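Here are my notes for your first look at this one. Keep the structure open beside you and go through the points at your own pace.

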Amino acid sequence: MSVSLLAVDESSVAALRRLWQLCQHDLSEFRGTYPGTDGCFKTDRLESYLGDSNRSAHLIFNDAHVAGFALVRGVTEDSRALGEFFVTRAARRAGVGRDAAHQILRSHPGRWAIAFQDANAAAAQFWPNVARALVGTAWTLEHRPVPGKPDVPPTRGSNSSYPSAE
């Protein structure tokens, strides 16, 4: 297994948009969201990552297979946030997500905020494990309301500084 990240460009943005739909479908279980009448979930948030120099979008590959994506805010700042992180079901529980998360966090050393919902048991287990593997006990966990969505349960997030790859 070889996990790699590829910055999204014009040639790969269509793949990102399709993966976004799969991600939003998975998250609809926790967020109570529905697709529009066209059968697609909203893409406004995704589109905000394209063409913004302070944001980045990466496809995750497992060998030659597209296995997910990662969206990052604050790439030009001292503190970054993982806007969204998605791994396809075929690649889950095989170390793909862990390796991709390590790569993305180490590619931008410094403080990070990573939010997830408690109702998403897999994410609630995954992200603290990623933080412990990279920085031991030097991270915090806190509950935060989801901005503009009072009906969605608060997210939990970890805050930490991650080192660069050595």
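1. Let's start with one pairing: R80 has W112 in β5 as its bridge partner. Keep in mind that this is a predicted model. The strands involved are β4 (residues 79-87) and β5, which run parallel and are joined by four bridges.

2. How do you get from β4 to β5? Together with helix α3 (residues 96-107), the two strands make a β-α-β unit, and the unit is right-handed.

3. Now look at how covered β5 is. The strand spans residues 110-117, and six of its eight residues are buried, so the rest of the structure largely encloses it.

4. Time to zoom out. The protein has four helices and seven strands. Reading from the N terminus, you'll meet them in the order β-α-α-β-β-β-α-β-α-β-β.

5. Some overall numbers: there are 166 residues, and 46% of them count as buried. The protein exposes about 9,100 Å², with carbon and sulfur atoms supplying 52% of that. Take the contacts with a separation of 6 or more: 58% of them come from residues 24 or more positions apart.

6. On to the aromatic rings. A pair of rings is described by how far apart the centres are and by the angle between the planes. Searching the whole structure turns up five such pairs. In one of them, F69 and F86, the ring centres are 5.7 Å apart and the planes sit at 35°, so this pair counts as tilted. It links distant parts of the chain, with F69 in strand β3 (residues 65-73) and F86 in strand β4, 17 residues apart. Both F69 and F86 are buried.

7. Compare that with F85 and W127: centres 5.0 Å apart, planes at 80°, so the pair is edge-to-face. Here strand β4 supplies F85 and helix α4 (residues 121-135) supplies W127, and the two are 42 residues apart. F85 and W127 are buried as well.

8. Don't stop at pairs, though. W20 joins F69 and F86 in one aromatic cluster. Elsewhere on the ring theme, R55 lies over the face of Y49, at 4.6 Å from the ring centre.

9. Last stop: S28, which you'll find in helix α1 (residues 13-31). Is S28 buried or exposed? Its relative accessible area is 18%, and the cut-off for buried is under 20%, so S28 is buried. Apart from neighbours within four places in sequence, S28 is in contact with T33 and F41. The C-alpha atoms of S28 and F41 are separated by 9.4 Å, and the two residues are 13 apart along the chain.

Technical notes:
Residues are numbered from 1 along each chain as its sequence is written. This is a predicted model: local features need pLDDT of at least 70, side-chain atom pairs count only at pLDDT 80 or more; totals for chains, interfaces and linings use all residues. Side-chain values use heavy atoms; hydrogens and water are left out. Buried means under 20% relative accessible area, exposed over 50%, partly exposed in between (1.4 Å probe, protein chains only). Contact means heavy atoms within 4.5 Å. Accessible areas come from the Shrake-Rupley method with a 1.4 Å probe; for residues, only the protein chains shown count as cover. Two strands pair if DSSP finds at least two bridges between them. A crossover is right-handed if, with the strands pointing away from the viewer, the path from the first strand over the helix to the second runs clockwise. Rings of Phe, Tyr and Trp (its six-membered ring) pair if their centres lie within 6.5 Å; planes under 30 degrees apart count as stacked, over 60 as edge-to-face and the rest as tilted. A charge sits over a ring if NZ of Lys or CZ of Arg is within 6 Å of the ring centre and within 35 degrees of the ring normal.
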